[in-house]
Amino acid sequence: MEASAGLVAGSHNRNELVVIHGHEEPKALKNLSGQVCEICGDEMGVTVEGELFVACNECGFPVCRPCYEYERREGSQLCPQCKTRYKRLKGSPRVEGDDDEEDTDDIEHEFNIDEQQKKNTDIAEAMLHGKMSYGRGPEDHEDINAQYPPVISGGRSRPVSGEFPISSYGDQMGPTLHKRVHPVTDDHASGRWDDRKDLGWKERMDEWKVQQGGNHDQYDELADPDMGIIDEARQPLSRKVPIASSKINPYRMVIVTRLVVLALFLRYRILNPVHDAIGLWLTSIVCEIWFALSWILDQFPKWFPIDRETYLDRLSLRYEREGEPNMLAPVDIFVSTVDPLKEPPLVTANTVLSILAVDYPVDKISCYISDDGASMCTFEALSETAEFARKWVPFCKKFAIEPRAPEWYFAEKVDYLKDKVQPTFVKERRAMKREYEEFKVRINAMVAKATKVPPGGWIMQDGTPWPGNNTKDHPGMIQVFLGQNGGLDVEGHELPRLVYVSREKRPGFQHHKKAGAMNSLIRVAGVLTNAPFMLNLDCDHYINNSKAVREAMCFLMDPQVGKKVCYVQFPQRFDGIDRHDRYANRNTVFFDINMKGLDGIQGPVYVGTGCVFRRQALYGYDPPKGRKRPKMVSCDCCFRRRNKKIPHGDADVQGFEDDKEILKSQMNFEKKFGQSPIFVTSTLMVEGGVPPSSSPAALLKEAIHVISCGYEDKTEWGLELGWIYGSITEDILTGFKMHCRGWRSIYCMPKRPAFKGSAPINLSDRLNQVLRWALGSVEIFFSHHSPLLYGHKEGKLKWLERFAYVNTTVYPFTALPLLAYCTLPAICLLTGKFIMPEISTFASLFFIALFLSIFITGILELRWSGVSIEEWWRNEQFWVIGGISAHLFAVIQGLLKVLAGIDTNFTVTSKASDDEDFSELYAFKWTTLLIPPTTILIINLVGVVAGISDAINNGYQSWGPLFGKLFFAFWVIVHLYPFLKGLMGKQNRTPTIVVIWSILLASIFSLLWVRIDPFILRTKGPDTNKCGINC
């Protein structure tokens, strides 16, 4: 499909299909007006139509017609600048080599109607981005229906290399429509093999031994210099690196010790109640038991942590052999965006540029951009990005720069001359930086223009109204910006495909937000390119390591372990975070400790971005089964068995039943994948490739069909296929379903981070993000996909992996006991009571052992994971801050939705919102999230002041019991210190309304508590212990 084919918009349900041409102004390669020939210095001249003569259509290098004719007749026939062979222009005589070109003489074929029809066919083919070649095609003598079931293929299917066919199918297929590269080009050598291939294996082996000197045992491997390379290519592409036993064994011993100490501690607490404050004691016991269960769910999935390392050189030796076609698997890359005002187009453009410049064969990469907001600003920004990529991509590959997102490359504070030896690097870098700054200005101008929508909606360059003016009622749209023609950079090299997709949206249909958009991309890519692997990225996550895709292929293409791997998850890394990471935005403890532990069990959970999927796993297929163990062979004398013979008539019945099963399977495919025969056929291609079609127009119609809003009705999309619906955290649910089918996942942590994104810096954004994650977990917990119940029947999910998934769904509920536990210190200080009785020396050992085990577990965990103690402590602090704010609201919203049917999920994030009606409510949501931790902080500060004042007034004997209460209160205050710093500091100050409401609530709570004392056991009448009976 040509990049200049136009914007394709349509609706399958309404039987509409429109191609909009001329939506953008043509961009000339070079301004040639007034130029002179760079060879002889004469004027350029004009053509017979009166237009300026252009010799090279690739780069526009100024050459006059006499020099052009001389170069074609006597010279090398190449353009002096881009080294592209000159094509024969109208009116120029033929020279040697013109017969190989597709162009024909204008005069001889002026009235050739067949040629005109072929031209129209080529235009239709260009609209479908025809040249999508994946690897080698089949040989001409191969069975063309070998890899398709007869029901699906219908006798017409054939494996293709990825090109869309031009001609229709006939009785006989002519030569294949794609170019092949054979590793053996010697006709005599191939002829010799054809003569010998009919010989038996023994004869060919004997012939080989004779060629080696007649003695196979004396063959010297050193005689063949390629033998070492071949042996290296046969080695595994990756390996597990177990944690050193000196680090992991003490860690496991301390975990077991801590479990025993925790059991003894809880036994002591339960058997020793506080009789004069039974309410406080009972509340603390319930909280401590919940914390213990939560710790077990979190700790034991980290029992088998591992590291992994990859061998990129072996990957190249195995799949990129010199002189042979590149056998690396194709990859479709998905990027999703919604609102250009909340997701800046410049950020999305940097992500796209880093994808187009990735270190991978360009014909194996296809980038799909999902614009779920149908924004013309995003569309135009992507058009500008495609033009800038023609200059940026060759610059990246020429000088091997990292990262390949220009915004972050030019912002790096490093020595950019390090390891650079090309003399032209400095000059070209300055020129490229200037080009990028001009590119930024153009993008920023588009964003500024998009803030003011015209009354009549947006109008395209040709005067056509933008199809997506109504973001909730518009047709599906597809545009290929970089493709077959027009997909070359400034140096004449091919660029990866870049496709814009906006799915159809109509009122009355459920679109399922991001999960629905990702499923639409799966189907579009299945029709157009159908790569066997897919990488999904958020619009703000750029490729920081250009070899990231190769890293994933070391696992997915490994013949030993790759077949059962459903996805390869990379850790998330972030830019733009302050050095101290006050609100734990990096989330290092989760990505460097928990995920490593899961990798040693059944694999890490899917976290929504930076993940390379196997397409067949997303289609709901089970992993391939391993070979069964051979049955024990016994002699007939010991165990006599009668061979059951099937009568001939029964065999015919069995064959009829098989035919019925095949017909049923075809119907099941349509119910499962939808009413698209082309897409259904593509789902059966395990190795990828574009499905066959009768005409390019049919493929275009199918591409629009599969993104229609009603396509998923009465299918398994979102239930068993693709991204799973039912939760706003569709990532956890999607990975969970794959693991329940028996797949395993891989955690890949290259030395240079594979991807980097942007994280919220201020506390309001951070809490809002955590609220969304926690609400999704609550939704999963109350759904039929709850890890507590789902998947037990198949038994394919390992029990430690289930522990981890249970923990991901129950952790928000920790907010309730955590809120109560953080309130207890203030209550104890205000009432003079405590949650524990006076302890003996022996009982104090339980407390000392518990705190020591907690401390040692953390230290050993940091030792084998490499996480710094500061990062660990920030994670602990935010566990408390987020627990008593965002997690609490998530639990309340989830319970209201499940029990009362009230959907309060109106939380709008800065990355995925198409609803402006709740902007004020969105701001109010931020402030409400800040009130609970502020109230808890003030209550504890008031309690500390009240406790110290009471101790001063009562004398020295009251200081002893006070220390335990103060320690408890300071534990809460220290965990809330980042929040307190935000209150008192100049940056990120908490809104005044939050402070006022928090102080008011804290004061009312403190006064009422001192007056009522609800948790203290009251006795009526005199105290007989002091006064006696006759008091």
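Helix α23 is mostly covered in this predicted model: ten of its twelve residues are buried. That list runs through Leu800, Glu801, Arg802, Ala804, Tyr805, Val806, Asn807, Thr808, Thr809 and Val810, so charged and polar names sit in it alongside nonpolar ones. What does the covering? Among the elements over the buried residues of α23 are α8 (278–299), β11 (565–569), α16 (588–599), α21 (730–740) and α22 (763–781). As for its geometry, α23 takes in residues 799–810, and at 1.5 Å a residue those twelve should span 16 Å. The end C-alpha atoms are indeed 16 Å apart, which agrees.

Let's follow one of those covering elements, β11. Five of the five residues of β11 are buried, so the strand is largely enclosed by the rest of the structure. It has strand partners too. With β14 (residues 744–747) β11 runs parallel, joined by four bridges, and Tyr567 has Ser745 as its bridge partner there. With β13 (residues 611–614) β11 runs antiparallel, through three bridges, and here Val568 stands opposite Val612. As a reminder, in a regular strand the side chains alternate between the two faces of the sheet.

β13 brings us to the cysteines, since Cys611 falls within residues 611–614. How many disulfides does the whole structure hold? A search finds zero. Cys611 is in no disulfide, and the nearest cysteine sulfur, that of Cys566, is 7.7 Å away. Cys611 is also buried, at a relative accessible area of 0%. Cys822 tells a similar story: its sulfur is 9.3 Å from the closest cysteine sulfur, in Cys287, and a disulfide needs the two within 2.5 Å, so that is too far for a bond. Cys822 is buried as well, with a relative accessible area of 0%.

Now for the nonpolar interior. In soluble globular proteins, nonpolar side chains tend to be buried together. Here the largest nonpolar core has 97 residues, and Tyr368 and Phe613 touch the most other members. Helix α7 (residues 245–271) gives this core its largest share, nine residues. Leaving aside residues up to four places away in sequence, Tyr368 touches a set of residues that includes Asp332, Phe334, Val335, Val499, Val501, Leu521, Leu528 and Thr529. Apart from that core lies another, of 77 residues, with Leu328, Ile369, Ala381 and Phe388 among them.

Aromatic rings are the last stop. The structure holds 47 aromatic pairs. In one of them, Phe379 and Trp466 are tilted, 5.1 Å centre to centre with 50 degrees between the planes. That pair links distant parts of the chain, 87 residues apart: Phe379 sits in helix α11 (residues 376–399), Trp466 in the loop between α13 (425–450) and β7 (476–482). Phe379 counts as buried at 4% relative accessibility, and Trp466 does at 2%.

A second tilted pair, Phe736 and Tyr790, has its centres 5.8 Å apart and 55 degrees between the planes. Phe736 lies in helix α21 and Tyr790 in the loop between α22 and α23, so the pair ties together parts that are 54 residues apart in sequence. Phe736 is buried, at 1% relative accessible area, whereas Tyr790 is partly exposed, at 23%. Ring pairs also build a cluster, linking Phe388, Trp392, Phe395, Phe399, Tyr409, Phe410, Phe425, Tyr436 and Phe439.

Note on methods: Residues numbered from 1 in each chain as written. Predicted model: local features only at pLDDT ≥ 70, side-chain atom pairs only at ≥ 80, totals over all residues. Heavy atoms only, no water. Buried < 20%, exposed > 50% of the residue type's maximum accessible area, 1.4 Å probe, protein only. Helix = DSSP H or I, 4+ residues; strand = E, 2+ residues; numbered from the N terminus. Expected span 1.5 Å × (residues − 1). Contact = heavy atoms within 4.5 Å. Pairing = 2+ DSSP bridges. Core = buried A, V, L, I, M, F, W, Y, C linked by side-chain atoms within 4.5 Å. Phe/Tyr/Trp six-rings, centres within 6.5 Å; stacked < 30°, edge-to-face > 60°.
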